[in-house]
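Visitor: I'd like to go through the labels on this one. Can you show me the structure, and then I'll ask what backs them up?

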Amino acid sequence: MMLEQNDFIPFHLPSLGKEEEDAVLRVLRSKWLTTGKETLAFEQEFSSFMEKATTKSIVSLAVNSASSGLQLAMEACDVGTGGKILTTPYTFVSTATSACHLGGGVVYADLGKDSYNIDPDAMEKKLQEHKDIKALVPVHIAGLPCNMKAINDLSKKYNIPVIEDAAHSFPSKTQAGYAGTLGDIGVFSFYATKTITTGEGGMICTSNPEYAERIKKMRMHGIDRPVWDRYTSKKASWEYDVVASGYKFNLPDILSAIGRVQLAKAEDLLNRRIKIAQIYNAAFKEYDFLQIPPDGEGNSWHIYVLRIIPEKLSIDRNQFTELLQKEGIGVSMHFIPHFNMSYFKKNFDLKVEDFPNAQKQFSTSFSLPIWPDMTAEMVHRVTKTVISLGKKYYVC
């Protein structure tokens, strides 16, 4: 993408090319648009990708969104009326509302100090207080994996399954495997802003056959067998049974075709984001009014979250980001914590003072553009603008 020197730099643009166009046209010309062979191939290829970093056998199940995937995963783990999940307040709303849709509740634990990820010690305190928690739901914020060893230890100690909200963390590779395969179930997002995209969509991964079987049934109306080919195969039977009150959460072939192309590009897209993050880090770490994001093993750099140090500046985070936007730099917030939202405050009696670490991160952080097709000029303009604003409003 070519931008003039003073053009607005969007917060995000997906990296799409002729290969994705050709894949969509292939599906259109096949006359089969909904879930079918393309989606089955996408699932198999995704499993093969994830299995490169683990000895586990991974089942991948494509869905129409990560939100749907989380709901299916929680349903498989028996979250429902009288059951709750334990998660972070620093995440997108669907991490929590997926449990609410099932009639379940949410318990929140604060972030670790100077972290955007949930604190395992805070999780254990909540586990001791609440005996109706059915699933632990850590969120790998911005693509940096949570402390999964500590969380899996809690899972074993309290006999509660782990559902990884891995919406940000593909492909986050650790020594133990890819994020999303480190717990019992992992859920990925392929929304338009994600590390690979299908426009809308997601993927559920699990090595547990019972969870896989339950999710397969519930994904398509609770039907007891695959029925996608009943309109095209001479051998397909029109007969099926409905064994549960399921959902329609399947991913159509037209989107899976895009996903297959994006999956093949995943490592290259990751490397391009890493290079941008390295340039940002090198530029920003020199200034005491900025704090670069925490880094660690397996960071997919889906989002670049920068903090201002409020004591060093005469303007706050909101004023800083408004000025960035006026200078043509697209920004976002990841995330508005749930304790600042009416629904969650009302239904779960949340108070800001109970989550000091999450509130600190929220009130001082914002997200900068970090998409693979950014040019060197764009990246330089972002760093130059951020630093110039910081210097202009520096107070000590």
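**Pocket and cysteines**

Guide: Sure. The largest pocket holds about 630 Å³ of space, and keep in mind that this is a predicted model.

Visitor: What makes a residue part of the lining of the largest pocket, and which ones lie nearest its centre?

Guide: A lining residue has an atom within 4 Å of a pocket point. On that count the largest pocket has 28 lining residues, with Arg 219, Met 220, Pro 226, Val 227 and Trp 228 nearest the centre. Helix H2 (37–51), strand E1 (59–63) and helix H7 (209–219) are the elements that each give two or more residues to that lining. H2 gives the most, five residues.

Visitor: How does the lining of the largest pocket divide into nonpolar, polar and charged?

Guide: Eleven of its residues are nonpolar, eight are polar and nine are charged.

Visitor: How do you know that Cys 146 has no bond to Cys 77?

Guide: A disulfide needs two cysteine sulfurs within 2.5 Å. The sulfur of Cys 77 is the closest one to that of Cys 146, yet it is 17 Å away, so that's too far for a bond. Cys 205 is in no disulfide either: its nearest cysteine sulfur, again in Cys 77, is 14 Å away. Searching the whole structure turns up zero disulfides.

Visitor: Why is Cys 146 called buried? And what about Cys 205: buried or exposed?

Guide: Buried means under 20% relative accessible area. Cys 146 has 7% relative accessibility, so it counts as buried. Cys 205 has a relative accessible area of 1%, so it is buried too.

Definitions and conventions. Residues numbered from 1 in each chain as written. Predicted model: local features only at pLDDT ≥ 70, side-chain atom pairs only at ≥ 80, totals over all residues. Heavy atoms only, no water. 1 Å grid on protein atoms, 1.4 Å probe; cavity = no way out; pocket = protein on both sides within 12 Å on 5 of 7 lines; lining within 4 Å. Points joined across faces, edges and corners; volume = space filled by probe spheres on them. Helix = DSSP H or I, 4+ residues; strand = E, 2+ residues; numbered from the N terminus. Nonpolar A, V, L, I, M, F, W, Y, C, P; charged D, E, K, R; others polar. Buried < 20%, exposed > 50% of the residue type's maximum accessible area, 1.4 Å probe, protein only.
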